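These are my notes on a model with two points in mind: the backbone of certain loops and the packing between the chains. I set them down in the order in which I looked things up.

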Amino acid sequence: MKRQSSTVSESVLLEKLRQRDQQAFQRLYDQYSAALYGVVLRIVRDDEQAQDLLQDIFVKIWKNLDNYDASKGRLFTWLLNIARNTSIDAIRARKSQPNNAIRTDEETVHIVDRQHNTEQPNSDYIGMQDMVNQLRPDRKQLIDLVYFGGFTHEEAAQELDLPLGTVKTRIRAALQELKQLFK
Amino acid sequence: MNVPEYIASGILESYVTGAVSDQERREVDCMSTIYPEIKQELDELAVALERYTSQFSVEPPESIKERLLAQLDFDVPIRSETIIRPMPIDRAEGGGSLSFRTTWVVAASVGLLLLIFSVFLLSQLRNSQQTISSLRNTNSSLQTEAGHLRDQQGQTEQILALLRQPETRTIGLAGNEKAPNGKLTVFWNATTRQVAVDVRSLPALPANQQYQLWSLVDGKPVDAGVFDSGQDVQLTNRPIGRADVFAVTIEKRGGSPTPTLSTLLATGQVNS
């Protein structure tokens, strides 16, 4: 892995982005838009809303570039956090609208169902399922609920009818397993 | 601070998956700047999650990129050049109708008005300058204060981290005949080798002197850092892995390599 050269080119990219260079923006977009769009889609589960959100997310990234501090964390992680937080805020806003109250429950069930059913083939992720399916299903379900569903540990415990302690240890085990899988 | 235990607690995993409170997030941010092992573990977890989420990548429609390219402002606006044009000259014609005397009176009154106006402006300017300088003073004192508070908070957080460790031991030190009312508490964690001192009462020292803490190991004194009499709990920045007895002497500011026994004024047994 060319870790060193990628961090060097990343700092050059950042420098150019801060000068508001259009080509640099295109590089950033080409490099990360698919990953961010995947995350947004997985959170909001609605193509149209996901497209609007992706646009908002890149505007936010563009406006907040000066706040990114490479010493405090990785660029990709920073971008993912913006995408995740924006999308979760959007679904929370959608849920808090009273006329959607009934849909909300169905949606929750839908999310959980889909996550229970990890073997379900999905044309979007052809060829990418291998790694994902190596993760133990109970752990994958919990990561998806917390990371993509925006559930707190308490909410996840309630949702899955598990003790809070089990949720916490399982999340740790899941991340440690991912760390080993992607080493 | 027990770093492996902190890493094993699961808080870092909660942090990267976004399931922590604001307070917990600040705590992790702080810990990762202090302990490189924590920072490294956080980075590894972040990479794992990045790779995991990348598995779900979906190419967005091309139209989004086009909309963004049209919407965002690129490049810093180019500085427009200032064009210097000659002042238009107003050539008034005639003027012969006014008498020399009238012209003189008008000129004098205009001059007088200008003079009054400039005195007024001058006093306004003085007022503004005074306001600015007092604001500047307030601002700089606020900044200094904020800096102090930030330093203090960093200190407090480190001390709290030390005190939270179950292995941290509390050793009371009592003054001898040189400081009969002297009392202080030493907090010591043999695992992380951190030491903090809580001065409860010690006489104030002149500016060129400081108290110095020693740990005695098999009767040999080891420098455990210097501290002042006035403050609350202070971390002494010397790692101490072993100690039978803690002792305090008065030394020149900055500390001495060996203790001045004549100024020894408090001791405390670790296993008493």
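I began with A:Arg45, which lies in the loop between H2 and H3 of chain A. I noted that its phi is positive, about 55°, although A:Arg45 is not a glycine. Is A:Arg45 buried or exposed? I found 15 C-beta neighbours inside 10 Å, and as burial would need 20 or more, A:Arg45 counts as partly exposed.

I then turned to A:Arg20, in the loop between helix H1 (3-18) and H2 of chain A. Here too phi is positive in a residue other than glycine, with a value near 60°. A:Arg20 is partly exposed, having 16 other C-beta atoms within 10 Å.

I kept in mind that this is a predicted model. For chain A the mean pLDDT is 80, and 76% of the residues reach 70 or more. Residues 100-127 of chain A have a pLDDT below 50, and I recorded 15 contacts in the model for this stretch beyond near neighbours in sequence.

Next I examined the contact between the chains, which takes 42 residues from chain A and 35 residues from chain B. On the side of chain B that touches chain A, helix H2 (11-16), helix H4 (36-54) and helix H5 (62-71) each supply at least two residues. H4(B) gives the most, with eleven residues. I sorted that side of chain B by class and obtained 16 nonpolar, nine polar and ten charged residues.

How do H9(A) and H4(B) cross? Their axes come within 9 Å and cross at roughly 80°. An angle from 65 to 115 degrees counts as roughly perpendicular, and the two helices are therefore roughly perpendicular to each other. From H9(A) I listed A:Leu175, A:Leu178 and A:Lys179, and from H4(B) I listed B:Glu44, B:Leu45, B:Ala48, B:Leu49 and B:Tyr52. By class, this contact has six nonpolar, no polar and two charged residues.

Lastly I looked up the nonpolar cores. The largest has 51 residues, and A:Leu36, A:Val40 and A:Val146 have the most contacts inside it. Elements of both chains give two or more residues to this core, among them H2 and H4 of chain B and helix H9 (164-181) of chain A. H2(A) provides the largest share, twelve residues. I followed A:Val146 further: leaving aside neighbours within four places in sequence, it is in contact with A:Phe151, A:Ala156, A:Ile171, B:Thr17 and B:Ala19. I also noted a second, separate core of 26 residues, which includes B:Val199, B:Leu213, B:Ala243 and B:Leu265.

Terms used
Residues numbered from 1 in each chain as written. Chains lettered and ligands numbered in written order. Predicted model: local features only at pLDDT ≥ 70, side-chain atom pairs only at ≥ 80, totals over all residues. pLDDT = per-residue confidence, 0-100. Contact = placed C-beta atoms within 7 Å. Helix = DSSP H or I, 4+ residues; strand = E, 2+ residues; numbered from the N terminus. Nonpolar A, V, L, I, M, F, W, Y, C, P; charged D, E, K, R; others polar. Core = buried A, V, L, I, M, F, W, Y, C linked by C-beta atoms within 7 Å. Buried ≥ 20, exposed ≤ 12 C-beta atoms within 10 Å, placed from the backbone. Axes fitted to C-alpha atoms, helices over the stretch in contact; angles between N-to-C directions. Parallel < 35°, antiparallel > 145°, perpendicular 65-115°, else oblique.
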